Amino acid sequence: MKNPVCWVVLTGISIAFIQQGLPVRSQGESQSDNKQMDNITIRQGETLFLSCLQGDFVTHTAWLNRSSILYAGEDKWSVDPRVSLVTLNQDEFTIKIEDVDLTDEGQYICAVQTSSRPRTTSVHIIVQVPPKIVNLSKDLVVNEGSNVTLMCLANGKPEPAIVWRMIPSSDDSLGSDNEVLEIPFISRDKAGVYECTAANDIAVDTQTVELIVNFPPSISDGRDVGVTLGQRGVLLCEADAVPEADFEWYRDDRRIFNGFDGIEIEDDGALSKLTFFNVSEADYGNYSCVATNKLGSANTSIVLYGPGAVQDGNSGTSTVFTPTCLLLIVLLHLLLKF
């Protein structure tokens, strides 16, 4: 009765044992023991230990990979510097492969020759690879109304799942569960950062794409301003646009420049300010603000009025009542009481 022989494969902290079964007859008159172990899974970059527990009366032993000899006893046949001998004695024959890669995947065989017959055990090594995004759309600048396609390709084993999403976003439609994200007729509210995530059982890889949406200016309604003579007055004009708008100020179709008649014009991003440091009677009137970028323009009117004018706040026009008119209105009101 033969001595039982055990085989062990160490992968990181996982250990798998197989004990030799009864001998089976091969072709010819000789007998051999052949055993297939369960597949062993290891992650890319880890160290793989292959250990063969030999038993008694072993005369020759070898580790092979896809018919290529790695080690025959103490003699190294492999030219790969990552492969080395760990232990070789009467009981154990262990080698290791450092920094495992996909090229190391496949079948490994430990062949043992005893005084009576050969014995072999084979094991299939599966190398898992963390996902890596290898092809991602570049940052995009598009005009509002365009159709946008974002692409994200990734490698990995198992094959990674791809997910697109906008960050942050409460709109579930701005996402995709595949490599391609389609955004038809894009609007300005869909501009922002889009995240591609590639994930498998090993790890997650994430990259982002910035999407800029150009659109023509839109101006908030101008707010009329009332200022007492000799005081400081400021007219504000705010425009939403990408790229940012350039501002121009006009009065009665005549453009106003910075420093004109003591007026200061200050542009800061989406906001333009027209400042009067010492309001005079001649300053009262209607002013126009025009915002322009490469996609279009918009304008609004703002009235600078004095204390004698009655305004509706944003009409851009004013109605002035003289003291005589006010006296007649009061007298009419008293007569109606009688």
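A residue counts as buried here when its relative accessible area is under 20%. Keep that in mind, since the word comes up again and again below. Also keep in mind that this is a predicted model.

**A pair of aromatic rings**

Let's start with two residues that fit that description: Phe276 and Tyr287 are both buried. Their rings make up the one aromatic pair counted in this model. The ring centres of Phe276 and Tyr287 sit 5.4 Å apart with the planes at 65°, and since planes over 60 degrees apart count that way, the pair is edge-to-face. In general, a distance between the centres and an angle between the planes are what you need to describe such a pair. Phe276 belongs to strand β26 (residues 271–276) and Tyr287 to strand β27, so this contact ties together parts that are 11 residues apart in sequence.

**Strand β27 and its partners**

Strand β27 is a good place to stay for a moment. It covers residues 285–293 and runs antiparallel to strand β23 (residues 246–251), with five bridges joining the two. One spot to look for is Tyr250, whose bridge partner in β27 is Ser288.

β27 also pairs with strand β28 (residues 296–305), again in the antiparallel sense, and here there are nine bridges. Look for Thr292, which stands opposite Ser297 in β28. How many residues does the hairpin between β27 and β28 run through? The hairpin joins these strands through two residues.

**The disulfides**

Now for the cysteines. The model has three disulfides. Number the bonded cysteines of the protein chain in sequence order and the pairing reads 1-2, 3-4, 5-6. Here are the three bonds side by side:

| Disulfide | S to S distance | Torsion about the S-S bond |
|---|---|---|
| Cys52 and Cys110 | 2.4 Å | about -90° |
| Cys152 and Cys196 | 1.9 Å | about -75° |
| Cys237 and Cys289 | 2.0 Å | about -85° |

Take Cys237 and Cys289, which brings us back to β27. With a torsion of about -85°, their disulfide is left-handed. Cys237 lies in strand β22 (residues 233–242) and Cys289 in strand β27, so the bond ties together parts that are 52 residues apart in sequence. Both Cys237 and Cys289 are buried.

Next come Cys152 and Cys196. Their torsion is about -75°, so this disulfide is left-handed. You'll find Cys152 in strand β15 (residues 148–157) and Cys196 in strand β19 (residues 192–199), so the pair links parts that are 44 residues apart in sequence. Cys152 and Cys196 are both buried.

That leaves Cys52 and Cys110. A torsion of about -90° makes their disulfide left-handed. This pair links distant parts of the chain, with Cys52 in strand β6 (residues 48–53) and Cys110 in strand β12 (residues 106–114), 58 residues apart. Both Cys52 and Cys110 are buried.

**A closer look at Cys110**

Why does Cys110 count as buried? Its relative accessibility is 0%, and the cut-off is under 20%, so Cys110 qualifies. There is also a link in space to point out: Cys110 and Thr61 are 49 residues apart in sequence, while their C-alpha atoms are 7.3 Å apart.

Note on methods:
Residues numbered from 1 in each chain as written. Predicted model: local features only at pLDDT ≥ 70, side-chain atom pairs only at ≥ 80, totals over all residues. Heavy atoms only, no water. Pairing = 2+ DSSP bridges. Helix = DSSP H or I, 4+ residues; strand = E, 2+ residues; numbered from the N terminus. Disulfide = S-S within 2.5 Å. Buried < 20%, exposed > 50% of the residue type's maximum accessible area, 1.4 Å probe, protein only. Phe/Tyr/Trp six-rings, centres within 6.5 Å; stacked < 30°, edge-to-face > 60°.
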